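Trainee: I would like a close look at a single part of this model. Please take me through that part in one connected answer.

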Amino acid sequence: MHELSLCRTLVGILETQAGRHHYRRVRRVELRVGPQAMVEPGAMMFSFDVASRGTLAEGAVLEIRLVPTRVVCLDCSHEGEAEKLAEACAVCGSYRLLWEEDAGLRLGEIEVD
Amino acid sequence: MCATCGCGGEEGAKHEHHPHAWQHRHGTEGGRVIDLEADLLEANAAFARRNREIFRRSGVLAVNIISSPGSGKTTLLVRTLEALRDRIPMAVIEGDQQSELDAERIRATGVLALQIQTGKSCHLDAHAVAHALEALPIPEQGILWIENVGNLICPALFDLGEGKRVVILSVTEGEDKPRKYPEAFHGADLLLLSKADLLPYVDFSVEQCADFAHRLRPGLEPLLLSAKTGKGMEEWLRWVEEGWLRAKASNRPEKPVVP
């Protein structure tokens, strides 16, 4: 359940940014998740509810967007996208793919009052 | 509320779910939209960079060992320390939720060990390792072993600043684990198949395991190893020494230029 510690970090960022961007309440939070981020959306939703309780993000909606990573096939040079690990090349079926930088786990847009 | 992603689309899910449609904006009742673009793992990444720099300056090879509980991490580590302790300065960071048991086993070999008790947490992070580095004398020009919490899932997400990452899978766990827990294998520099002496008694296909591992990391060759019989130890120690020599060489202080 590392999702809970990630959500505590997330709520911490939302609280820190409140002064800078002048908001009192967060309505919606967008999370951009790459295939290598190792985050389970269900656990993330649950953990966010727990971590945001009593904070300015309580009741906010957590939107999880899965962002594919660009991959290059080492056998046929096809450039494509992968949404999860161990995907085969769409053209030649090879698993020898070179992964470009992953979106990781990023806080994107937030909607605030 | 939308059942797919939990977002608050009006009257259910009128908006379309496109996998890359993070650009779309929801109909809102006047809330302000700010793009924060903050990396949730940045705090860990910053500590990892710091640790990596410490290792580089000290000429230390740091090895992060990841596996599920009971795969034989500590046993392998004890055998490895016994084999190398006379030639290579070494120290060990042990991660467990509770107890000093593993650190005590390591100390019995005469090598310094520091136990991190993670409490409820399921993994080591770079911050915990940074603190451990304050308490544990760094083995200059040597090897720092970091035995992660027994868990094949969460530790994979946290860069500790290590130079090499080793994943251990015991043959009793089954060859399908790379398929089930892909991330640990995707990020590994070496895959050790431990308890190889039990292969005759279990249904474990080394070939299939290698095939799954290759899909996650092309070139990731499994090495069969038994700490009990010594099978594969020679090859493993060669791999370790090669990494150690590289780490040492790349950190050698520059020679003053003689005119």
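Which residues of chain B does the UniProt annotation "domain: CobW/HypB/UreG nucleotide-binding" cover? Please describe that part and what surrounds it.

Mentor: The model is predicted. According to the UniProt record, an unreviewed entry, the annotation covers residues 63-219 of chain B. That span is 31% helix and 22% strand, and its end C-alpha atoms lie 19 Å apart. As for the whole of chain B, there are 8 helices and 8 strands, and buried residues make up 44% of its 259 residues.

The sheet comes next. It is an open sheet of 7 strands in chain B, paired in parallel, with the order 4-3-5-2-6-7-8. Strand 4 and strand 8 of chain B are the edge strands, each pairing on one side only. On average, neighbouring strands of this sheet are turned by 25° against each other, direction ignored.

At the strand 4 end of that order, strand 3 (residues 90-96) of chain B runs parallel to strand 4 and is joined to it by 6 bridges. Within this pair, Val92(B) stands opposite Ala113(B). Helix 2 (residues 73-84) of chain B packs on the sheet, where it touches strand 2 (61-67), strand 3, strand 5 (143-147), strand 6 and strand 7. The direction of helix 2 makes about 165° with that of strand 5 of chain B.

Strand 7 of chain B is largely enclosed by the rest of the structure, because 4 of its 5 residues (190-194) are buried. Strand 6 (residues 164-170) of chain B runs parallel to strand 7 and is joined to it by 5 bridges; here Ile168(B) has Leu192(B) as its bridge partner. Strand 7 also pairs in the parallel sense with strand 8 (residues 222-224) of chain B, over 3 bridges, and Leu191(B) stands opposite Pro222(B). Between strand 7 and strand 8 of chain B, the chain passes through helix 7 (residues 206-216), and this β-α-β crossover is right-handed.

One loop residue is worth following. Leu124(B) is found between strand 4 (112-117) and helix 4 (126-135) of chain B. Leu124(B) counts as buried because it has 26 C-beta neighbours inside 10 Å, against a cut-off of 20 or more. Leaving aside residues up to four places away in sequence, Leu124(B) touches several residues, including Gly95(B), Ile116(B), Val129(B), Ile146(B) and Phe158(B). Leu160(B) is also among its contacts: the two are 36 residues apart in sequence, with their C-alpha atoms 7.8 Å apart in space.

Note on methods. Residues are numbered from 1 along each chain as its sequence is written. Chains are lettered from A and ligands numbered from 1 in the order in which they are written. This is a predicted model: local features need pLDDT of at least 70, side-chain atom pairs count only at pLDDT 80 or more; totals for chains, interfaces and linings use all residues. Helices (H or I, at least four residues) and strands (E, at least two) are DSSP runs, numbered from the N terminus. A residue is buried if 20 or more other C-beta atoms lie within 10 Å of its own, exposed if 12 or fewer, and partly exposed in between; C-beta atoms are placed from the backbone. UniProt positions are given in the numbering used here, feature names are shortened, and annotations may be inferred rather than shown by experiment. Two residues are in contact if their C-beta atoms, placed from the backbone, lie within 7 Å. Two strands pair if DSSP finds at least two bridges between them. A crossover is right-handed if, with the strands pointing away from the viewer, the path from the first strand over the helix to the second runs clockwise. Axes are lines fitted to C-alpha atoms, for helices over the stretch in contact, and angles run from 0 to 180 degrees between N-to-C directions.
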